[in-house]
Every structure is written in structure tokens, then in C-alpha cells.
Amino acid sequence: MGSMASTNNVTELIITGLFQDPEVQRVCFVVFLPVYLATVVGNGLIVLTVRVSKSLHSPMYFFLSYLSLVEISYSSTVVPKFITDLLTEIKTISLEGCLVQIFFFHFFGVTEILLLTVMAYDRYVAICKPLHYTTIMSRSVCHLLLAGSWLGGIIHSMIQIFVTVQLPFCGPNIIDYYFCDLHPLFKVACTDTSVEGVIVLANSGLISVISFVILVSSYIIILVHLRNHSAEGRHKALSTCASHITVVILFFGPAIFLYMRPSSTFTEDKLVAIFYTVITPMLNPIIYTLRNAEVKNAMRRLWGKKINSGVE
């Protein structure tokens, strides 16, 4: 490795992973593999159910199915590599692979943030402007909002990657993290990355903060508006919003904790990041389906039919 120190030709990075102890890593493997499979199966079921069910054709479910699709993709950019790494002694990734992972991780992450914001707007229109709901949230508007979410994710990731690609990597090639993210990668660049750090922080931070403000204000307006509703109407609207708010807190809490502060020791950062890369994507389908009678009934009807007709 000594010969690499003078030029920018670090082609491979070594990832330290989550824990050093092989025993602990095996336990992690046994825990996280089922969690990842549950994420894919749970979210996949939501996508399928919404596609197939005639009763789930409102914009809310249209967005929910894409949220589940993004959850699968988001989790899949990090978790499969992380899980297989748990069983290998030395965990490596090429520099290109690292940049690809950062790109997709940020792309799906931001798309998810924007989708959650769109879903909050959809609830706001449904509850505060019920008579105009179908005209405001028309099919073309839904497609536009969806496209806007994906586009926002792409633009965001392109900026992050554009900043990172310019950095020279010549020296140490050990990343103290369990997947490729910007902060850990910046730490091994052979130049001062404070300017890049600020750009990346502003880019992630602005999107998070603006989305978070829109989200919170949507739900506050909804709650204020609900005071005038009947008890039954209020209960139904609140139960839908409760699942949305839970998912928002689970997603934004850790993300804000990680990106909106100077990077400190990575140990708690790693554990917090595990939460939103591995755990949260699995919780979303559970939260949405358990709290939502329509999704539960549609799933029962759909899978009940399949089982009864002998197609297993």
C-alpha cells in the first residue's frame, strides 16, 4: 500500500464493518438476514396488493405502493452487501462500487423523503378539501408528483457524487463504517474536505429540513382541521395520519441525528444508521398494513382467493 501514497490510485477500499468480533458478526447475520427478507417480502406484498386490488386505487395507495418499491430498493443498496460482508474476514469494495452505492443510497433515500412529503400533501387535500380531492389529486397530478420525487432524488445524488468524484484518494483506504457513505469516505480523502462537507450537508440538510417542515405543517393543519369533524370521521382520518407520522418520525429522526451535526465517533452513528437502513424499511409495511383496514382486507381477499383456488 505504501506505493499508493503518492498518487490518486486507491482503487479498493476496506470497510471495517459494524463489529470486529466474528461471533457478534455471525449473530448479526442471523438477525439481519430475516429482517432484510421481511423487508423485501413485506414491501413486495404491498406493491402487489395495490397493483391487483380494485379497492386500492386511490392516490394514497398509488403513492404507498411506490413508497414500498423505494423501500425495497433503498434497503437493497446497502443491506445485501452488508450482510454478506458479515461472513467475510476482510470486507472490501472498489472505489467505483463505493460511489455507486453512495449514489443509489442517496437517490432512494431522498426519493423516499419526497414521497413521504407528497403523501402528507395527499392526506392534507383529502381531509381539508374533500370535495375537490378527485380534481386536485387527478391521475396526471399523481404521476407528476411521483416523477418529481424521483427527479429530486436523482438531482440530489448527482450533486453529492459530483462533489465526491473530484476528491483525490491516495492514502489510507480504510473506511470506518459498514457501507459507503459520504462522511466516512471524506475522512479518507487526501485533502481538506471541509468545503465539500458543507456542500453535502447543505444538500442533504436543505431537502430534509424543507420536507420535514412541509410534513409537520401538513399534519398540524390536518389536526387543527379535524376538530370540526364528527368523532367517527376524526378517528378514521387520525388513524391514517398516525401511521404516516410514525413512519416520518422513524425515518427523519435518525437521518437528522446523523447528517445535521458534526461527525463524531462513528460507533453510535453506525447503530443509528443500522436503524434506518435495516430496521425502518421493514417496519413501514407493518405500520401501514396493521393500521389500515382497507389494506388488510384487500390482502385477505387477494391472498385468500389465491389459497382457496388452490394456487399456492
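**Exercise 1. Which cysteine forms a disulfide with Cys 170, and how far apart are their sulfur atoms?** Work it out, then place both ends in the fold.

Keep in mind that this is a predicted model.

- Step 1: find the partner. Cys 170 is bonded to Cys 190, and their sulfur atoms sit 2.0 Å apart.
- Step 2: place the ends. Cys 170 is in the loop between H5 and E3 and Cys 190 in the loop between H6 and H7, so this disulfide links parts 20 residues apart in sequence.
- Step 3: check burial. Cys 170 has a relative accessible area of 14%, so it is buried. Cys 190, at 32%, comes out as partly exposed.

**Exercise 2. Count the disulfides, describe the one made by Cys 98, and write the pairing pattern.**

- Step 1: apply the cut-off. With sulfur atoms required to be within 2.5 Å, the count is 2 disulfides.
- Step 2: look at Cys 98. Its partner is Cys 180, with the sulfur atoms 2.0 Å apart.
- Step 3: see what gets joined. Cys 98 belongs to helix H3 and Cys 180 to the loop between E3 and H6, so the bond ties together parts 82 residues apart in sequence. Both Cys 98 and Cys 180 are buried.
- Step 4: get the handedness. The torsion about the S-S bond of Cys 98 and Cys 180 is about -115°, so you'd call this disulfide left-handed.
- Step 5: number the bonded cysteines in sequence order. The pairing reads 1-3, 2-4.

**Exercise 3. Why does Cys 142 have no bond to Cys 241, and how does Cys 128 fare?**

- Step 1: take Cys 142. The closest cysteine sulfur is that of Cys 241, and at 17 Å it's too far for a bond. Cys 142 is buried, with 5% relative accessibility.
- Step 2: take Cys 128. This one is in no disulfide either; the nearest cysteine sulfur, again in Cys 241, is 8.8 Å away. Cys 128 has a relative accessible area of 15%, so it counts as buried.

**Exercise 4. Draw the topology of the three-stranded sheet, then say which residues face which way.**

- Step 1: set the order. The sheet is open, has 3 strands in the order E2-E1-E3, and its pairing is mixed.
- Step 2: name the edges. E2 (91-94) and E3 (174-175) are the edge strands, each pairing on one side only.
- Step 3: sort out the directions. E1 (residues 12-15) runs antiparallel to E2, with 4 bridges between them. E1 and E3 are parallel and joined by 2 bridges.
- Step 4: fix the register. In E2, Lys 91 lies opposite Ile 15, and Ser 94 lies opposite Glu 12. On the E3 side, Ile 15 has Ile 175 as its bridge partner.
- Step 5: recall the rule for regular strands. Side chains alternate between the two faces of the sheet.
- Step 6: assign the faces. In E1, Leu 13 and Ile 15 make up the covered face, while Glu 12 and Ile 14 are on the uncovered one. In E2, Lys 91 and Ile 93 are on the covered face, with Thr 92 and Ser 94 on the uncovered one.
- Step 7: add the helix. H3 lies across E1, E2 and E3, at about 85° to E2.

**Exercise 5. Test whether helix H5 has its expected length, and find what its buried side meets.**

- Step 1: compute the span. H5 (residues 139-165) has 27 residues, which at 1.5 Å a residue should span 39 Å; its end C-alpha atoms are 39 Å apart, so the two agree.
- Step 2: list some buried positions. Among them are Cys 142, Leu 146, Gly 152, Gly 153, His 156 and Ile 161.
- Step 3: find the neighbours. The buried residues of H5 pack against H2 (59-85), H3, H6 (182-187) and H7 (194-226).

**Exercise 6. Describe the largest nonpolar core, then inspect Leu 116 and Thr 49.**

- Step 1: size it. The largest nonpolar core has 87 residues, and those with the most contacts inside it are Leu 13, Phe 32, Phe 82, Leu 116 and Leu 185. Helix H3 (residues 95-128) supplies the largest share, 20 residues.
- Step 2: zoom in on Leu 116. Beyond four places in sequence, its contacts include Leu 67, Leu 215, Val 247, Phe 251 and Tyr 288.
- Step 3: turn to Thr 49. This residue is in helix H1 (residues 22-52), and at 0% relative accessibility it counts as buried. Leaving out residues up to four places away in sequence, Thr 49 touches Leu 56, Ala 298, Met 299, Leu 302 and Trp 303.

Terms used: Residues numbered from 1 in each chain as written. Predicted model: local features only at pLDDT ≥ 70, side-chain atom pairs only at ≥ 80, totals over all residues. Heavy atoms only, no water. Core = buried A, V, L, I, M, F, W, Y, C linked by side-chain atoms within 4.5 Å. Buried < 20%, exposed > 50% of the residue type's maximum accessible area, 1.4 Å probe, protein only. Contact = heavy atoms within 4.5 Å. Expected span 1.5 Å × (residues − 1). Pairing = 2+ DSSP bridges. Axes fitted to C-alpha atoms, helices over the stretch in contact; angles between N-to-C directions.
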